[in-house]
Structures are given as structure tokens and as C-alpha cells.
Amino acid sequence: MSYTPLPPALNPPVRTLLGPGPSDTHPRVLAAMAKPTVGHLDPYYLQLMDGMQQMLRAVFQTQNRMTFAVSATGSAGMEAAVVNVIEPGDPMVVCVNGVFGGRMADVAARAGANVTKIELAWGEVFAPADVKDALAKAKPKVVGIVLAETSTGAWQPIEEIAALVRDAGAMLVVDAVTALGGLPVEMDRWGVDVIYSGSQKCLSCPPGLAPISFSDRALEMILARKSKVQSWYLDVTMLAQYWGSDRVYHHTAPINMTYGLYEALRLVLEEGLENCFVRHRRNHLALKAGLAALGIGYTAQEGHQLPMLNAVRVPEGVDDAKVRGELLSRFGIEIGGGLGAFKGKVWRIGLMGYGSRPANVLLFLSALEQLLAEQGYKFEHGASIAAANAAYSRGKNGES
Ligand SMILES: *Cc1c(COP(=O)(O)O)cnc(C)c1O
């Protein structure tokens, strides 16, 4: 029997992805993904896994043996982190100041944790004192926090909170999905027990893999569990036998996704972590200067604004959906709208990984000016481009 009509051949449009993820895939990553598929136990593949683990340790800044990639997106990284360290009834404190903290609390409750949420207004960041109180009251086994909250653009300092959590004898789980590859993530120096990320934010790779790392302390605790890990697929004790020297089949690894992430990590390390962070910051400052010239401000607290995710207020009288729709239809540019409390009020402009380039900053600002002018929004035409260029030349003179 023939199948008619056959749906059309695949022909995705070329976009400029300046939203909260996925970000543009680097051409070298796309090329890597088109290489021949090998078996998941092929000696060639095993060698790639070793190389990938080494590179993941470098980007997470850790020596942890159990550093690998979960075969699924960032949310599976979150689930893997939580379900392995939580047993039913365990107290867990989750810091919630946006969508992803909220998601972690939901994941933890489903895993059977006795969850205490500490909540802040969206756009704010937690101070050590906020966490100190919760540690004293809830006596948690695990504390969860988001380093780069993609829904609000807030950059959460981790170091002091990590020290408090450690002193209280609890374990710290950190969401570094948007952070990794765009700002410093120092797992060992901070003393983080479990950290996870995703391939499609600042790593310039398509969605599909979730880098993760467990400290030896976390692994010991997992091995001493009284109950089995609730998820078969995400059980790190079983995954350890595939990623470790035993190479026991667990599930069929997504081979070509691994090629992609492997090349993506090579790109980050070839550029150098520090250079990568400087580039993200430079493009962020140029965009910020450009937006300021249009009277557009950020939602996150000053001093805690993420370099890779610019969450800004939609100006008064401007139609949010129309601007985003026309950026896409007329300019091929995707940006994100607001989530939850920020729906209709916030634009989320991502400058992530390969997408964090001066060409994208200038393209976006020009297109935005055109659309704002059409909506009758009052501003000095060309001012955002001039301001962004001025920020770039300041950056060249050593100021950043
Ligand atoms: C994107 C994101 C996630 C979820 O990742 P998916 O790949 O969409 O499953 C989790 N946490 C943060 C902070 C994110 O930005």
C-alpha cells in the first residue's frame, strides 16, 4: 500500500535563534551530527565517551568521576539530579524565583521529597540569609537552586550558599542549564554535589543531551540508599556501569547527538572558557546599551543580570505578540516571550553560545527599531545601534 499524500520533504527555514533556547547550532556541530552512526559499544564510540567526559569535567570545573550526559534534555538532567539523591520522605529545600525553580520543586515532590519552597519575587536573587533560615527550619537533606534562571534573566550567586548548605550537612543541587558555557560554573571550588545542564543553550548544540556531574559524596549517598532510585532510566548507579569501565549496556546512547555535543565542547574549550565568558558579557553589554537607548530596561536586579539571557520589559503601548511575530516572519529572528507572571510583559532575548555575536546584536536592534517605529513608539532613530557600537568600542579599550 502506498502512503499518499506523502507529507512534504523536510525544509526548515534558516532562523536566527535569539530566544531562551534552543540557540543557533554551530555549523561545526551540525556537520559532526551528519557523520556515520556507529554502535553504542563500538570502540570508536567508547573513545568518544571518554573524550566527552573529560571535556565535561573541564567545563563544569570538576574532577568528579561520575560526569556524563543524560540521554534527554535539560529537564531530564533535573530529574536525574533529584531522583537519585531523594528517597521518599526526604526533606528538600528548593529556592524558587522563577519557572525553573518551580519546576525543580515539582520534580522533587513527585520523587516523594518533603519539599519546602523558599520563594522570592521574580527577577530577584537569594541571599545567603534566606537559605540559612530555611536550613535551620527544614533541616533538609538536599537543597536545590538555579544558577541562571532563564525565565527572569537573574544570575544567582552560588558560592556562599553552597558553603552554608555544606556546613549544615546537606547536599546542593544546582541547575546550570542556561549557565554552562556562558558564565563561570565552578562545581568543585563551590562545593556543589550535583550539577546539570542542557545541550541547547550556551553549548551551541541542538536539544537532546543533559550534561551532569555527581560528586563522590553524592555517589556514596546514592549507593547507601534504602530504596531503589524511582526512575530506571535515570538511575545513576546503572548508568555508571555504562559510562564507567564496565561498559554494560543500559540504553542505546543517542550516537549522533553525542557527536554534536562532543564537537560543541571542543568548540568551547578551543575558544577557552574565559574567552567564552568575556564574549558573552561583551555582547550582553552592547545589547543592554542599545536597549537602554530605546528606554527598555531589565527585569532582573541590577548587578545580577545574566549575560546570555536578557529579560527586558516590553515598553508601554507596544504589542508584545506583534513584535515577536514580525521579528520571526519578516526578519527570521526568534526571541522569547514572558512565562507565567511575565506573560505579555517581558521579552527574553538570548545571546547564547554561537548566537552571542556582534552581528546578532546589531541585527536584532535594527529590526526592533523598525518594528517599534511602526507601532508609533517614540525614540531617537538609530540610537540603539550607536549605543551598542559605543559599548563595543569601550570594550576594545579594556573597559567591559
Ligand atoms: C531550559 C531550561 C531547563 C529545561 O531544559 P529542557 O532542555 O527544556 O528540558 C531547565 N532549567 C533551566 C534554567 C533552563 O533554562
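How many salt bridges does the count come to in this structure? The count comes to 17, and we'll visit a few of them further on. Keep in mind as you look around that this is a predicted model.

Let's start with the sheet. Seven strands make up an open sheet, and if you walk across it you meet them in the order E2-E10-E9-E8-E5-E3-E4, with mixed pairing. At the edges sit strand E2, residues 66-70, and strand E4, residues 114-119, each of which pairs on one side only. Going from one strand to the next, the twist averages 15 degrees.

For a sample of the pairing, take strand E5 (residues 142-146) and strand E8 (residues 171-175). These two run in the parallel sense, and five bridges link them. If you'd like a spot to zoom in on, find Val143: its bridge partner in E8 is Leu172. Then look for helix H4, residues 99-110, which packs on the sheet. Helix H4 touches strand E3 (91-96), E4, E5, E8 and strand E9 (194-196), and its direction makes about 160 degrees with that of E3.

Now for another strand, E14, which covers residues 346-350. Is E14 mostly covered or mostly exposed? It is mostly covered, with five of its five residues buried. Val346, Arg348 and Gly350 point one way, while Trp347 and Ile349 point the other way, and all of them are buried. Strand E14 has pairing partners, too. Strand E11 (residues 309-313) runs antiparallel to E14, joined to it by five bridges, and there Val312 stands opposite Trp347. Strand E13 (residues 336-337) also pairs with E14 in the antiparallel sense, over two bridges. In that pairing, Gly336 is the residue opposite Arg348.

Next, a few spots where the backbone does something less common. As background, most residues other than glycine have a negative phi, and most peptide bonds are trans. Against that, the peptide bond from Gly21 to Pro22 is cis, with omega near 5 degrees. You'll find Pro22 in the loop between strand E1 (16-17) and helix H1 (27-33).

Two loop residues have a positive phi without being glycines. One is Gln61, with phi near 55 degrees, placed in the loop between helix H2 (43-60) and E2. The other is Ser204, with phi of about 60 degrees, in the loop between E9 and strand E10 (210-214). Which way do they fall, buried or exposed? Gln61 has a relative accessible area of 36%, so it is partly exposed. Ser204, at 8% relative accessibility, counts as buried because buried means under 20%.

Back to the salt bridges. Glu186 forms one with Arg189, their closest N and O atoms being 2.8 Å apart. Helix H12, residues 320-331, is home to Asp320 and Arg324, four residues apart, or about one turn of the helix. These two form a salt bridge as well, with 2.8 Å between the closest N and O atoms. What about their exposure? Asp320 counts as buried, at 9% relative accessibility, whereas Arg324, at 27%, counts as partly exposed.

Helix H12 offers another pair to look at. The side chains of Glu326 and Lys322 meet in a salt bridge, 3.7 Å from N to O. Because they are four residues apart in helix H12, about one helical turn separates Glu326 and Lys322. Lys322 itself is partly exposed, with a relative accessible area of 40%. Elsewhere, salt bridges that share partners join Arg28, Glu263, Arg266 and Glu270 into one network.

Arg28 also turns up at our last stop, Leu267, which is found in helix H10 (residues 255-271). Leaving aside residues up to four places away in sequence, Leu267 touches His26, Arg28 and Val29. Its relative accessible area is 14%, so Leu267 is buried. To get a sense of distance across the model, jump from Leu267 to Asn114: they are 153 residues apart in sequence and 41 Å apart in space, C-alpha to C-alpha.

Definitions and conventions. Residues are numbered from 1 along each chain as its sequence is written. This is a predicted model: local features need pLDDT of at least 70, side-chain atom pairs count only at pLDDT 80 or more; totals for chains, interfaces and linings use all residues. Side-chain values use heavy atoms; hydrogens and water are left out. Two strands pair if DSSP finds at least two bridges between them. Axes are lines fitted to C-alpha atoms, for helices over the stretch in contact, and angles run from 0 to 180 degrees between N-to-C directions. Contact means heavy atoms within 4.5 Å. Buried means under 20% relative accessible area, exposed over 50%, partly exposed in between (1.4 Å probe, protein chains only). A salt bridge is a side-chain nitrogen of Lys or Arg within 4 Å of a carboxyl oxygen of Asp or Glu.
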